[in-house]
Each structure stands twice: as structure tokens, then as C-alpha cells.
Amino acid sequence: MAKPSRRQAASAAQAQSRSTAGSKSNKPVGKSRNANTAGQSSFILLAAIALLVLIALWSALPQSSRESAAGNAEPEREGEDPVLQQHEEQIVEQLVKREAGQTGKSSQESHNHGNEQPVTLQQTRPDAPSNEQQVNSATAEQIEEARRDKEWVPTVLSSMRISSSLEVAGRRLHPKLVKTKLSERRRKTDVKMYTIDHLLTDAECRGLIGAHDRYVEKMIDPIFCFDSERTLRLHLEEHDDLRSLQLRDSDFTEGTTCLNTSMSQKLNKYIKYSVSTSFYTGESKFSYEMDKRIEEATGLPPLHGGKYQVTSYRSGVGYKTHTDCVVGSSERRDRFATVLVYLNDVPAGGHTIFPELNVSIEPRRAKGLVWNSMSADGTCDGTSIHNASQVESGRKIILQRWYYYHTFQMLGKRYQEPALPERGPNQPFISCDQYDQGSCRMYDEWQYTHIKEYIRQHASRK
């Protein structure tokens, strides 16, 4: 028998392969399909588990790492000025960082006396946050976070919109324009002034006075701080027993323009001062109601408002002639308007006097007084100069708030108080500034204007 050729052998093998495949295809396929389906389900399940694990790992990464991994991290903007440009706040933020860890008090302890609510009236918004939430308390970290906010844009307040009438506690109120008579040496004025009787209820007046008095009672011996040696010396010259007083470096606290506690106690017997306690929007329910009431009456928006201050003047105390804004300054983050409410009747004295406008307002309980100190273009109007005449009998208590022409990010928020000088809890300071135009006032909230480093940096930025 002849041996098959290679071509014939290959053809036979292909035929055999087709025959075998054909015979397999004729077998039942149910079990094979089930096996394939099970395999596919297992693969899908494993893939889903792997995907979930990857998502969990990705979510656990910090935001910056995720953006960097995705190639979408925003490049750092070198040389870009911070959005928050007010140089005083930049200095404060630097000093806060420098002082971090230098005080024996914890951050919470250092805020205790500053965060107590001086107002606890309950007539207002039920959803107001509690004091523990501290919606307006600003730490150094929050200041830095605000600095990084590239979306923030300042707004401008260039006018008041006085309501023809509004209602407070069921009483219809009608703001009244105060008639002014410009002094002969003045050619024009942009100042508009209004009084609003019963802007507060009697209960609110009593509540604010009571809260202020209770808070002041907790304070211990104040520390005196002066803006300059000249101011200090002129205050000493007012009193026969202090004229010959020789001060040494050891009488001041290190790094500040403040006297130490023992020397402050000596001056406290002679120098007169008013007393101010403060609260901020969000620290009491009353603050929300007052924000809304002022806006409805005057058109002044809460966004432009600073802190609220309750200030008391005892007999023999007033405040020298001054403007609330800075005359001749190009700074637009300045006090555009003032809202003042008298919380009590004063038997004698205590008037708010505008000498360039020939206006004198007698303090009467619940009467509001509103005026603008800047013109529409942001210029400080010198005719807004005013003073608080000395209280001759009884005492005078007011509620006051300033509204600013330009907003800035820390407006209406508490700063972290400076660590200097060393002091006890509830120990306030008395600020005596600009002897010719200012008077001494005690504050419950420590500021940076008495810190030498602040003063140095502030001067270098002018």
C-alpha cells in the first residue's frame, strides 16, 4: 500500500479535527453555560471589591495629595498680595503666631473672659448659635485661613437709607432728621444725623445695663496703657500728687507701653475713665435682633458692622472732642457711620455735642442717634467732630456700634488676644491715647495697640 503524501496527511488531520469538534458540539451544553456564568459572576464580584478598595484608599488621601496625583493641584501664586490687606491685621496675625506657646494659659483659657456673653436677652431668633459654637471667634489659624480665601471681595457702604417708620415691640417709630447749623468757618458738610426714639425697649435697656454691670463686677485691678510718653506725662500733670512722679523702666511691663499692676493701682486713684464691654454678632440672640433692627431703620448692613460696645460714664467722666474716622486719611476701611443708643436718663450732663454743626443731644433712655462721619466717596468729614460732655450727676450708659465704609475679613470678629502683658483672669486694661483728642477708657478685650512690636511694624508700614 502506497504511503500517503504530506498533503494527504494534513488533509486527513484537518478532517479528523472537524469531525471531533462536530461531535462535541452535538453534546448537551447546559452544564457548560452554567460554568461560564458562574465564572463571569465571580470575576465581576472580585472587580467590584477591588474598585471599592481603590475608592476607599483614594478618599483617605489628603485633598492636596489627591489633586497632585490627579495633576490638578493649583500652582502656588508667588508674589500675589493677600486678599486681606489691612496692615494692622497682618501685624496682629504675625504677633499671634510669635506668641503661640509663650503663655501658660491654654487657648481656651485665654478666651474665657473675652467670650463671656455680656448680653443674654432672649427676645430674638430661636436658631441663634450658642456661645460654645463661637461663630465669630477668630483664632490665628482662622485668620490665616481667611487670608487664603481668594474668593473674598470687600464691599462698600456709601450711604444710609433711613426708614420713614418701623415697628419695635408693637410701637411704630419715626426717625427724625436733626437740624444742623454749620459753623462759620465751615463751608459744607456731608453729615446727616437722625434720632430714633424707643429704638430699644425699656426691658432691653435694663438687660444691657445689668449684663454690663455684672461683667464689670468680675474685673480686677486694671492695667494702664498709654500711646506715648507725652500722653502719660500730660495725664500725670493733671494731678498735684502725680506731677513729681518719676517713672523707671521697671514700672512698665516688658514689650509693652503698659504700666505694671502696682503702678497702675497708684494711677487708678486719680485718672478718670469710662468703661466699655463688648459683644459680637453671634454671641447672643439679642445681637441678631439688633443687627436686623438697625438695618431696617438705617439701611446699614450687618456685614459692615463692628463689635457692639456697652460703655458707662460715672460722674465727672466724659470723652474729648474727636472724629470717629481719620481726617485726611486715604484709608477706606474706616468708620463710615455710628449708631448710638442711650440706655438711661442722665440727670445732668452727658450730652453728645457736635460743635461744628451746633447740635447737642440730651441722653434719654432708648433714644437712638445715628450719623455718618464719611462722605459718599469715603472721605472723612471733619464736621462730624463731637464729644461726650462730662456727666454732672448720676451716670450715663450707651450702646454703640460703628459701621465701616469698606469691609475687611476680620470685621466684626474677635481677635485672639495678645499674651502680653502677663495678667490675671478678668484683668482689663485702660487705654489712654492721643491726649489732645482722646480720653482714657477701660476695655474688657485686650488689643495689640500697646504692644511695642505692633507699634514698630505699624509705623514701618505707613
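**A walk through the predicted chain**

Ala366 is buried, with a relative accessible area of 0%, where buried means under 20% relative accessible area, exposed over 50%, and partly exposed in between, computed with a 1.4 Å probe and with protein chains only. This residue sits in the loop between E12 and strand E13 (368–372), strands (E, at least two residues) and helices (H or I, at least four) being DSSP runs numbered from the N terminus. Its phi is near 75°, a positive value in a residue other than glycine. The model is a predicted one, in which local features need pLDDT of at least 70 and side-chain atom pairs count only at pLDDT 80 or more, while totals for chains, interfaces and linings use all residues. Residues are numbered from 1 along each chain as its sequence is written, and side-chain values use heavy atoms, with hydrogens and water left out.

A second positive phi, near 45°, is found at Gln434, in the loop between E17 and E18; at 49% relative accessibility, Gln434 counts as partly exposed. The backbone also holds a cis peptide bond, from Leu420 to Pro421, with omega near -10°, and Pro421 lies in the loop between strand E16 (396–404) and E17. As a general background, most residues other than glycine have a negative phi, and most peptide bonds are trans.

Taken as a whole, the chain comes to eleven helices and 18 strands, and of its 462 residues 45% count as buried. Among the contacts (heavy atoms within 4.5 Å) with a separation of 6 or more, 81% are accounted for by residues 24 or more positions apart. The accessible surface, obtained by the Shrake-Rupley method with a 1.4 Å probe, comes to about 25,300 Å², and 50% of that area belongs to carbon and sulfur atoms.

Helix H7 offers a closer view of one element: spanning residues 202–217, it has 16 residues and reaches 23 Å from its first C-alpha to its last, close to the 22 Å expected at 1.5 Å a residue, the expected span being 1.5 Å times one less than the number of residues. Its buried residues are Glu204, Cys205, Leu208, Ile209, Gly210, Ala211, His212 and Tyr215.

Glu204 leads on to the salt bridges, of which the structure holds 18, each defined as a side-chain nitrogen of Lys or Arg within 4 Å of a carboxyl oxygen of Asp or Glu. Arg293 forms such a bridge with Glu204, the closest N and O atoms being 2.8 Å apart, and this pair links distant parts of the chain, with Arg293 in helix H10 (residues 285–298) and Glu204 in helix H7, 89 residues apart. Both partners are buried, Arg293 with a relative accessible area of 5% and Glu204 at 2%.

In another bridge, the side chains of Glu356 and Arg185 meet at 2.3 Å, N to O. Glu356 lies in the loop between strand E11 (352–354) and strand E12 (359–361), and Arg185 in the loop between strand E3 (176–177) and strand E4 (193–196), so the pair ties together parts that are 171 residues apart in sequence. Here Glu356 counts as buried, at 5% relative accessibility, whereas Arg185 is exposed, with a relative accessible area of 69%.

Arg230 forms a salt bridge with Asp436, the closest N and O atoms being 3.1 Å apart. This pair, too, links distant parts of the chain, Arg230 being in helix H8 (residues 229–237) and Asp436 in the loop between strand E17 (429–432) and strand E18 (440–443), 206 residues apart. Arg230 is partly exposed at 47% relative accessibility, and Asp436 is exposed at 55%. Finally, salt bridges that share partners join Glu283, Lys307, Arg414 and Glu445 into one network.
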